[in-house]
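Visitor: I would like to understand how labels are given to parts of a protein model. Could you take me through some of them step by step?

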Amino acid sequence: MTDWSKAPWVDPALDWTPMPVPDLPPRVLIDFATRCNLRCPMCTVWGSGDQEAIDDVKGVMPPDAAERLLDELAPARPLVQPNMYGEPLLIPDLAGTIRAMKCRGMEVALNTNGLALSQAVSDMLVAEGVDSVSVSIDAVTPGTLALVRGLDRLEAIEAGVFRLLAARGRALTPRISVSFTVQDTNRHEADAFVERWISRVDCVRVGLLFENGTFPEMETPAERRPCPTLYNTLPVFNDGTATICCLDGFKVTDVGNVFEQGAQAVWTGEAFAKVRYFHETGQWDKVPFCTNCNGWAQLSFEETEADGILVRRSPQIVYYNRVDRLENWRNKLRSAHEGTNAE
Ligand code: SF4
């Protein structure tokens, strides 16, 4: 690991002991295909209305570059989320892509909008050994879904979840979750959402909305600290661009290109090290994308357990975990999530 303590951007007047960073990230987000079959208003990319910026980020990762990236990451056996701003069920040769990760010992956790969760896809996800599938639903009525997602096909999305549950049957994996992002248009259905799904799936996630560079409804602790995501998650766009955070949909925080430099070189490289340094020394203004973000606090969880539900609550997210379905919340799916969007 490079010693950055003598780098020209380090202020010798500041007392700085670098926080440890693993050689490779325990969690990697790879946008194999940045394309989507929805245009949700809340989405940083597809809901932005900025077509030029969207055109700049959309695309599909070249298969040979994807293979090389997975080869490099394999020794760390990271948890891989095969999507960021793309709908993962639209990845060309999704089964082959999942197999490429699984055969390298990686765990695979995908977040989908569920629209393409057909019987064949459900069967494939189970057969390929996907570790976790989270379906964003955000509503319990078609009218509210229309406001949040721009389509009212709630029955179709829910049917996909039920198909996946049936395809899994009594098997351990995938761990199946549903999620709800609270916003003005659906707030009144949050409790009903938990009620509807908690007895059916393994975990229900309720989170606050990220907009204009922050989580405006989040109660933020007074004392700011370095953002945990900088130490355990590497987001990679389809062209190989790596950024510091998955909240950055338009590559504003570009810290290098994993196809050109290699994933380890980017993850432990100078651009990323500078961002961590500024966080560790409280110079938030030096990282403009983070300056007004309170996301650093979203990942401190408190746990309570009652009536067979393990509730993990942070200032931004609440996970309702069925205690009788905790067995598949394991290995990297659990440990790599420490300090990230954990269940
Ligand atoms: S502070 Fe916010 S924008 Fe910066 S890395 Fe953390 S979550 Fe992302």
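**Reasoning from values to labels**

Guide: Let us begin with aspartate 93, which in this predicted model sits in the loop between E4 and helix H3 (94–102).

Visitor: Why does aspartate 93 count as exposed or buried?

Guide: The relative accessibility of aspartate 93 is 55%, and the word exposed is used for values over 50%, so aspartate 93 counts as exposed.

Visitor: What makes the phi of aspartate 93 worth pointing out?

Guide: Phi of aspartate 93 is near 50 degrees, a positive value in a residue other than glycine, whereas most residues other than glycine have a negative phi. Arginine 77, in the loop between helix H2 (63–73) and strand E4 (79–81), also has a positive phi, near 45 degrees.

Visitor: Why are H4 and H6 called oblique to each other?

Guide: Helix H4 (residues 119–127) and helix H6 (residues 154–168) pack at about 40 degrees, their axes being 9 Å apart. Angles under 35 degrees count as roughly parallel and those from 65 to 115 as roughly perpendicular, and H4 and H6 are therefore oblique. Their contact involves residues of both helices, including Leu125 and Val126 of H4 and Leu164 and Ala167 of H6, and the contact residues divide into four nonpolar, three polar and three charged.

Visitor: How do you know that the peptide bond from threonine 173 to proline 174 is cis?

Guide: Omega of that bond is near 0 degrees, and the bond from threonine 173 to proline 174 is cis, although most peptide bonds are trans. Proline 174 itself belongs to the loop between H6 and strand E7 (175–182).

How values were computed. Residues numbered from 1 in each chain as written. Predicted model: local features only at pLDDT ≥ 70, side-chain atom pairs only at ≥ 80, totals over all residues. Heavy atoms only, no water. Axes fitted to C-alpha atoms, helices over the stretch in contact; angles between N-to-C directions. Helix = DSSP H or I, 4+ residues; strand = E, 2+ residues; numbered from the N terminus. Parallel < 35°, antiparallel > 145°, perpendicular 65-115°, else oblique. Contact = heavy atoms within 4.5 Å. Nonpolar A, V, L, I, M, F, W, Y, C, P; charged D, E, K, R; others polar. Buried < 20%, exposed > 50% of the residue type's maximum accessible area, 1.4 Å probe, protein only.
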